[in-house]
Amino acid sequence: MNTKTSSTRPARVFCIANQKGGVGKTTTAINLAAGLATHGRRVLLIDLDPQGNATMGSGIDKSTLQSTLYDVLIGDASIEQARVRSDAGGYDVLPANRELSGAEIDLVNMEARERQLKAAIGAVASQYDFVLIDCPPTLSLLTLNGLAAAHGVIIPMQCEYFALEGLSDLVNTIKRVHRNINEDLSFIGLLRVMFDPRMTLQQQVSAQLESHFGDKVFTTVIPRNVRLAEAPSYGLPGVVYDKASRGAQAYISFGAEMVKRVEAMD
Ligand code: ATP
Ligand code: MG
């Protein structure tokens, strides 16, 4: 029997990644964080994107920050110094803004440049059950820092004709990082998002994903739901903005599925 409890094991770290833009990474990161919080889990959400959407969507003003993930990556601040509480979401945020785009250049000349984030997370890992990293839509040095720090990658994708295109690049990158930088890293799964069951094509692609990737496809499916899209303009996770909505309920279910997956990893 497994006697470990969530409070004694260091946090499990997950990247939400897909180098395609606008596929629902940030929506997934914010709402999974809030969903896990509703299940009583302690969560740190790291905004690894200079767009700062995960920061803003968690109700934190990216233009008035004392320190950010940028300062952490270049070694000028610790996560404890830079993190901010999302009161709305019930989780902590390591925020980002445009300054983070400069980290790409600053990191190039640093030793162990792809391991900066991992080292910083190590110092706070015992304070959380989950660390979620919202990756930018690139396979850049920033994303590499995320992958180097993670146990698993969650890939949100829309069930569209071109959805599989580019997926092999990401899966190959994950394999390379696993081989060369981070042997703890695994591809946890594909999350179907913005799903519209009335579209025959989406059903076909969804079935194709299941037959090709098997149990690497999460059981939970996130529907297309306007409440999820409205929520960020109020600085709230969709899960908090309208908890009864179909989108919010799906992300709460996804949180439960992740809790189960993590328990199975122990
Ligand atoms: P980027 O690559 O720019 O970081 P992203 O992959 O993080 O984008 P999001 O910002 O999460 O994608 O989502 C893109 C757009 O789709 C946003 O306007 C968001 O509100 C909307 N959206 C995401 N998921 C859903 C959903 N399930 N239902 C309806 N709208 C959604
Ligand atoms: Mg995003």
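Helices here are DSSP runs of H or I with at least four residues, strands are DSSP runs of E with at least two, and both are numbered from the N terminus.

**Figure 1. The whole protein, with its twelve helices and eight strands.** This is a predicted model, where local features need pLDDT of at least 70 and side-chain atom pairs count only at pLDDT 80 or more, while totals for chains, interfaces and linings use all residues. Residues are numbered from 1 along each chain as its sequence is written, chains are lettered from A and ligands numbered from 1 in the order in which they are written, and side-chain values use heavy atoms, with hydrogens and water left out. Along its principal axes, the C-alpha trace spans about 50 × 45 × 40 Å. How does the radius of gyration fit a compact globule of 266 residues? Such a globule would come out near 18 Å, and the protein has 17 Å, which agrees. (The radius is taken over C-alpha atoms, and the globule rule is 2.2 Å times the number of residues to the power 0.38.) Of the 266 residues, 54% are buried. Buried means under 20% relative accessible area, exposed means over 50%, and partly exposed is in between, using a 1.4 Å probe and protein chains only.

**Figure 2. The shell of residues around ligand 1.** Count the neighbours and you get 18 residues, the closest being G22, K25, T26, T27 and N225. A residue is near a molecule if one of its heavy atoms lies within 4 Å of it. By class, the shell has seven nonpolar, seven polar and four charged residues. For this count, Ala, Val, Leu, Ile, Met, Phe, Trp, Tyr, Cys and Pro are nonpolar, Asp, Glu, Lys and Arg are charged, and the others, Gly among them, are polar.

**Figure 3. Backbone atoms that meet ligand 1.** A polar contact is a pair of N or O atoms within 3.5 Å; within protein, one must be able to donate a hydrogen and the other to accept it, and residues adjacent in sequence count only if both atoms are side-chain atoms. A polar backbone atom of G22 sits 2.9 Å from an oxygen atom of ligand 1. On the nitrogen side, a backbone N or O atom of P223 lies 3.0 Å from a nitrogen atom of the ligand. A polar backbone atom of N225 is 2.9 Å from a nitrogen atom of ligand 1. On its own, ligand 1 has 630 Å² of accessible area, and the protein covers 80% of that. (Those areas come from the Shrake-Rupley method with a 1.4 Å probe.) Which elements give two or more residues to the shell? They are α1 (25-38), β8 (217-223) and α10 (226-230). Helix α1 gives the largest share, three residues.

**Figure 4. Strand β5 and its two partners.** Is β5 (residues 130-134) mostly covered or mostly open? Five of its five residues are buried. One side carries F130, L132 and D134, the other V131 and I133, and all of them are buried. Two strands pair if DSSP finds at least two bridges between them. Strand β1 (residues 12-16) runs parallel to β5 over five bridges, with C15 matched to I133. Strand β2 (residues 43-47) also pairs with β5 in the parallel sense over five bridges, and there D47 is partnered by D134.

**Figure 5. T26 reaches D134.** T26 belongs to helix α1. The side chains of T26 and D134 are joined by a polar contact of 2.7 Å. T26 counts as buried because its relative accessibility is 17%.

**Figure 6. Helix α7, a largely enclosed helix.** Eight of the nine residues in α7 (residues 141-149) are buried, so the rest of the structure largely encloses this helix. The buried ones are L141, L142, T143, N145, G146, L147, A148 and A149.

**Figure 7. M194, a residue with a positive phi.** Most residues other than glycine have a negative phi. In M194, though, phi is near 50°. You'll find M194 in strand β7 (residues 186-195), where it is partly exposed at 22% relative accessible area.

**Figure 8. K243, in a loop.** K243 sits between α11 (238-241) and α12 (246-265). With a relative accessible area of 46%, K243 is partly exposed. Its C-alpha atom is 9.8 Å from that of G35, although these two are 208 residues apart along the chain.

Key. Accessible areas come from the Shrake-Rupley method with a 1.4 Å probe; for residues, only the protein chains shown count as cover.
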